[in-house]
Amino acid sequence: MHEHSGHPRRWQILGVMVFSLLAVVLDNTILNVAIKTIADPVHGLGATQGELEWAMNSYTLAFAGLLFTFGVIGDRYGRKRTLMIGMLVFGLSSLASAYAQTPGQLIGARAIMGIGGAAIMPATLAIISNVFPLRERGKAIGIWASGVGIAITIGPVTGGLLLEHFWWGSVFLINVPIVALALALNAALVPESRDPNPSRLDPGGVLLSIAGLVSLVYGLVRITDLGTVADATVIVPSLIGLAILAGFVWYEYRIDHPAFDVRHFRSPMFTTALTTVGLVFFAATGMMFFISFYWQIVRGYSPLETGVLVLPFAAAQLIFAPQSTRITQRFGPKAVGTTAMVVISGCLAAYALVDEATPVWILLVLAFFQGAAMANIMPPATTAIMNALPREKAGVGSSMNNVFRQVGGTFGIAVLGAILSAVYRGEMEGKAGALPEPLREAVVESISGAAGVAGRLGPAAARVMEVANDAFLTGMHWAALGAAAIGLLGALITARWMPGKAAAAAEVPGERKKEAAVL
């Protein structure tokens with residue numbers, strides 16, 4: 001098979017890769033719906049707030065910390081093999097999560113799920129890059145990205161449906177049949193691929209990447225736990241993580257067999273695309289996470305209704321992501337990327353005007369436009385990242401893309417959450433003084449705590465929730481403006497450093513040269 005021709009079953013393989021990702025992406029959103037039920041001592045595990053946080057954080061730490069490592073492993077030992085082992089680990093740990101008897105068991109099973117997810121995520125994109133020729137790769141990645149976007153938004157819908165009819169463990173058990181079918185499809189259709197000329201192992205670089213990413217992400221999730229940046233358990237791990245990652249870059253630059261050749265950062269398209277991916281997920285993921293609290297607590301919708309309300313975002317992904325390559329080819333990555341970032345920033349800024357009485361249709365339109373803008377920037381950015389590296393290093397390229405997505409999203413939830421939490425607490429401090437101390441502490445802590453207290457207050461509940469909703473909306477407005485500012489920063493970076501139409505065409509990777517030679 002010539003480099004330019006692609007695999008004869010590449011479109012079927014693309015479908016298998018999108019389906020293989022379904023369980024992982026669903027799991028990232030579906031747990032948010034089940035948290036309240038898992039905390040219930042009768043119908044759930046009676047998990048405390050801290051235990052619930054670690055049920056999410058254990059997954060995040062394992063997933064983010066090992067993404068790069070599994071990209072390297074896939075390139076060296078086989079991407080299909082890595083993917084299938086990851087699917088098996090993910091499926092078995094999902095089963096363990098579903099039948100966990102204690103919060104500690106759930107936390108441990110979730111950490112193992114993160115390991116499985118870290119093996120799956122980069123392998124799917126690496127396999128796509130290997131079976132598609134360069135001329136079709138952008139379209140394939142657009143379809144892959146639209147599948148990711150749809151899975152993100154149907155997660156809450158699926159979780160709401162399951163919790164209405166089954167017990168809390170069903171949100172994890174649903175992964176098992178998906179994994180089983182994905183394993184069968186991978187075994188039947190997907191070819192093995194690996195780096196045909198792997199360099200010597202780089203255990204030092206791999207260990208540095210794991211230590212740096214785990215330390216940095218731990219510091220970021222502590223922001224979410226504490227609601228503040230000004231704490232030693234946030235600052236120290238974050239600085240250590242950044243220092244280790246700086247050491248990783250220094251080390252990789254100086255050895256002759258790096259796990260990742262940091263000289264790729266000299267490419268304006270590669271570096272700008274990675275930065276854009278991180279900033280998009282910082283800005284958008286944080287607001288998508290907090291808007292669910294707005295729908296469920298401020299507006300009083302059920303988890304299932306909340307999931308349905310984000311479907312316009314999914315519809316926009318489905319419509320626009322597969323077309324993004326054609327649009328980028330026509331107008332150039334600089335124009336498309338800058339416009340998309342400005343639209344994303346405008347949609348996020350609009351949330352600063354949202355209140356309890358905002359018509360639902362306005363929020364649905366905002367979600368649609370935000371989804372359309374993300375659909376027009378994420379696939380081209382991902383394609384630029386993958387095209388910047390040789391095909392034999394596709395696993396490393398995919399893992400870098402996913403690391404920036406994961407760290408950007410985690411950072412967004414942490415920082416925007418800290419802004420929202422600080423404003424909420426400041427607003428509530430002087431307004432909950434009449435409540436007894438334990439109740440007052442819960443009301444001031446979060447709007448979820450206020451909703452829990454209000455359920456026990458009888459006639460006074462309405463007044464408590466009115467004040468809490470106002471405080472939450474004020475915090476959400478400031479968080480939205482922060483997210484919009486990050487979006488504008490992304491627009492400026494894209495406008496300044498993303499290559500234009502002619503420059504992008506001239507930035508020809510080695511593989512395109514090889515294909516041209518074959519043709």
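**Reading the labels on this structure**

Q: Why does I235 count as partly exposed?
A: I235 has a relative accessibility of 40%. Buried would need a value under 20%, and exposed a value over 50%. The 40% of I235 falls in between, so it counts as partly exposed. One thing to keep in mind: this is a predicted model.

Q: Where is I235 found?
A: I235 sits in helix α9.

Q: What makes I235, V236, L239, I240 and L242 a patch?
A: Nonpolar side chains such as Val, Leu and Ile are joined into a patch when they come within 5 Å, provided each residue has over 30% relative accessible area. I235, with its 40%, clears that bar. Together the five residues form a nonpolar patch on the surface, with about 440 Å² of accessible area.

Q: How do you know that the reach of α9 is close to what is expected?
A: Helix α9 runs over residues 232-254, which makes 23 residues. From first C-alpha to last it reaches 33 Å, and the expected value at 1.5 Å a residue is also 33 Å.

Q: Which residues of α9 are buried?
A: They are V234, P237, S238, G241, F248 and E252.

Q: What makes Y59 and F63 a stacked pair?
A: Of the 11 aromatic pairs in the structure, this one has its ring centres 5.7 Å apart and 15 degrees between the planes. Ring centres within 6.5 Å make a pair, and planes under 30 degrees apart count as stacked. Both values of Y59 and F63 pass, so "stacked" it is.

Q: How many residues apart are Y59 and F63 in helix α2?
A: They are 4 residues apart in α2 (residues 49-77), which means about one helical turn separates them.

Q: Why are Y59 and F63 called buried?
A: Y59 has a relative accessibility of 2%, and F63 has a relative accessible area of 2%. Buried means under 20%, so both fit the word.

Q: Why is the pair of Y99 and W167 called tilted?
A: Their ring centres are 5.6 Å apart and their planes meet at 40 degrees. Stacked would need under 30 degrees and edge-to-face over 60, so this pair ends up as tilted.

Q: What does the pair of Y99 and W167 tie together?
A: Y99 is in the loop between α3 and α4, while W167 is in the loop between α5 and α6, so the pair links parts that are 68 residues apart in sequence. Y99 is partly exposed at 47%, and W167 is partly exposed at 35%.

Q: What makes R10 and E136 a salt bridge?
A: Side chains of opposite charge can pair when their charged atoms come close. The closest N and O atoms of R10 and E136 are 2.6 Å apart, and the cut-off is 4 Å, so the pair qualifies. R10 lies in α1 and E136 in α5, so this salt bridge ties together parts 126 residues apart in sequence. R10 is buried at 14%, and E136 is buried at 18%.

Q: How do you know that R79 and D75 meet in a salt bridge?
A: Here the N to O distance is 2.7 Å, again within the 4 Å that a salt bridge asks for. Both R79 and D75 are buried. The structure holds 2 salt bridges.

Q: Why does W54 count as partly exposed?
A: W54 is in helix α2 and has a relative accessibility of 28%. That is not under 20% and not over 50%, so W54 counts as partly exposed.

Q: What is W54 in contact with, leaving aside its neighbours within four places in sequence?
A: W54 is in contact with L61, I107 and Y218. As for V16, which is 38 residues from W54 along the chain, the two C-alpha atoms are separated by 32 Å.

Q: What makes T272 buried?
A: T272, a residue of helix α10, has a relative accessible area of 4%, so it falls under the 20% limit. Leaving aside neighbours within four places in sequence, its contacts are I493, T494, W497 and M498.

Q: Why is α15 called mostly covered?
A: In α15, 21 of the 28 residues are buried. The helix spans residues 360-387 and reaches 41 Å, close to the expected 40 Å.

Notes:
Residues numbered from 1 in each chain as written. Predicted model: local features only at pLDDT ≥ 70, side-chain atom pairs only at ≥ 80, totals over all residues. Heavy atoms only, no water. Helix = DSSP H or I, 4+ residues; strand = E, 2+ residues; numbered from the N terminus. Expected span 1.5 Å × (residues − 1). Buried < 20%, exposed > 50% of the residue type's maximum accessible area, 1.4 Å probe, protein only. Phe/Tyr/Trp six-rings, centres within 6.5 Å; stacked < 30°, edge-to-face > 60°. Patch = residues over 30% accessible without salt bridge, like charges linked within 9 Å, V, L, I, M, F, W, Y side chains within 5 Å. Areas by Shrake-Rupley, 256 points an atom, 1.4 Å probe, with all protein chains shown as cover. Salt bridge = Lys/Arg side-chain N within 4 Å of Asp/Glu carboxyl O. Contact = heavy atoms within 4.5 Å.
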